[in-house]
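Trainee: I would like to learn how to read a structure like this one. Where do we begin?

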Amino acid sequence: DHMSAAELIRRAREEGGAVTAFSSLCGGLPAPECASSTPLAYKFSWSPAGVISATRNPAQFTVDGAVVRVAGEELLRSATPLADSSRLGRTLRLEVLPNRDSLPYAELYGIEAEAHSVFRGTLRYAGWSGLFAEFADLGLTEPAPLPAGVRTWPELLASRGVTPTAAPAASARVIDALASLGVWDGSAPEISTDATVADAFSALLAGRLSYAPGERDAVFMEHRLHVAFPDGRPSEVRSSSLVSYGTPDGVSSMSRSVGITAALGVQRLLEQGSASSGPDAEPLAGVLRPTLPTIYEYCLPRLAEEGFAFEEGIEREASAPSTAATPMPAGRGTPGFRAASAAA
């Protein structure tokens with residue numbers, strides 16, 4: 001993501017543009033046909049503990065020069081639909097969660113003097129955040145001790161006032177989701193005596209939402225830049241998006257995207273000074289970021305050969321809109337969002 005973003009920004013600036021707004025969205029998800037088999041529209045190829053923990057992360061980003069802060073307990077309810085102006089938004093029903101601290105990335109990409117809006121987000125299928133917010137309301141994502149004597153899921157849920165037929169603290173959607181996880185039919189694993197509530201929920205999700213034979217995952221990514229031209233040319237929205245699917249009963253797209261990228265970094269080091277690294281390739285030494293041209297110019301074409309090619313687009317505008325309106329997810333640039341989500 002950092003290499004492709006840096007390359008997109010560099011080309012815009014080489015053509016005389018100023019990047020006044022930047023957004024970068026990414027998500028590792030089940031392929032659409034697999035997501036439809038579960039109310040959560042999500043599956044796990046690793047421990048769910050990290051996903052559960054991330055639902056409590058605070059976040060901050062900038063919109064029109066103002067810093068927007070989202071408290072960890074409000075993160076799930078800050079999700080907004082992905083705008084249908086994006087390539088991914090036109091074809092998939094996705095939503096966007098702020099991804100931790102976006103502020104340092106303006107300097108990382110060299111746009112801190114011109115970008116009034118900088119946002120990094122996590123993609124999920126529509127409805128995921130609302131459902132997980134209800135799980136959080138029931139205390140299922142908290143690393144709290146189990147109530148005394150609780151060893152089964154019916155007992156744990158009953159301690160929170162939730163049963164298959166009476167659940168004043170939960171919606172029908174949450175009841176259906178919990179039922180699909182097997183909490184009342186005896187198929188859910190017994191809860192470990194030394195587990196926290198979040199540990200128990202993680203084990204439940206891992207057991208019921210792992211990938212089945214023949215299923216595949218997906219990696220979705222999209223960068224969007226608002227580019228203004230001081231010479232009077234119309235402003236542009238430049239986008240770069242990636243859609244990659246894993247192989248059923250084979251290698252996941254997530255493992256390939258991470259593993260091949262790391263391998264290419266090693267290969268770039270090993271090929272220093274050789275013809276294959278390019279005649280103008282700079283020697284590498286020390287700790288380096290992937291936003292350096294000498295790294296991404298080497299890696300991105302080779303990633304494309306491995307199936308990780310980005311599709312780019314340019315939309316020209318007759319007049320410049322708000323810097324936040326085009327690249328941000330729907331609702332990000334509105335005063336109502338700031339009022340609901342900002343915290344001093």
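Mentor: This is a predicted model. Begin just past helix H6, where Gly139 follows with a positive phi, near 80°.

Trainee: Which residues of H6 are buried?

Mentor: First the general idea: an α-helix has 3.6 residues a turn, so residues three or four places apart point the same way. In H6, which spans residues 128-137, the buried residues are Trp128, Ser129, Leu131, Phe132, Ala133 and Phe135.

Trainee: What do the buried residues of H6 pack against?

Mentor: They pack against three helices and two strands, namely H3 (49-54), H8 (172-180) and H9 (197-208), with E5 (94-98) and E6 (117-125).

Trainee: How do I read a strand, for example E2: which residues point which way?

Mentor: Go along the strand and note the side each residue takes. From E2, Ala59, Phe61 and Val63 point one way, while Gln60 and Thr62 point the other way. Both sets are buried, so 5 of the 5 residues in E2 (residues 59-63) count as buried, under 20% relative accessible area.

Trainee: How many bridges join E2 to E3, and do the strands run parallel or antiparallel?

Mentor: There are 5 bridges between E2 and E3 (residues 66-70), and the two strands run antiparallel. One bridge pairs Val63 with Ala66 of E3. The hairpin has 2 residues between its strands, and Asp64 there takes a positive phi near 50°.

Trainee: How many disulfides does the structure hold?

Mentor: The count is 0. As for individual cysteines, Cys26 is partly exposed, at 28% relative accessible area, whereas Cys299 is buried, at 1%.

Terms used. Residues are numbered from 1 along each chain as its sequence is written. This is a predicted model: local features need pLDDT of at least 70, side-chain atom pairs count only at pLDDT 80 or more; totals for chains, interfaces and linings use all residues. Side-chain values use heavy atoms; hydrogens and water are left out. Buried means under 20% relative accessible area, exposed over 50%, partly exposed in between (1.4 Å probe, protein chains only). Helices (H or I, at least four residues) and strands (E, at least two) are DSSP runs, numbered from the N terminus. Two strands pair if DSSP finds at least two bridges between them. A disulfide is a pair of cysteine sulfur atoms within 2.5 Å. Contact means heavy atoms within 4.5 Å.
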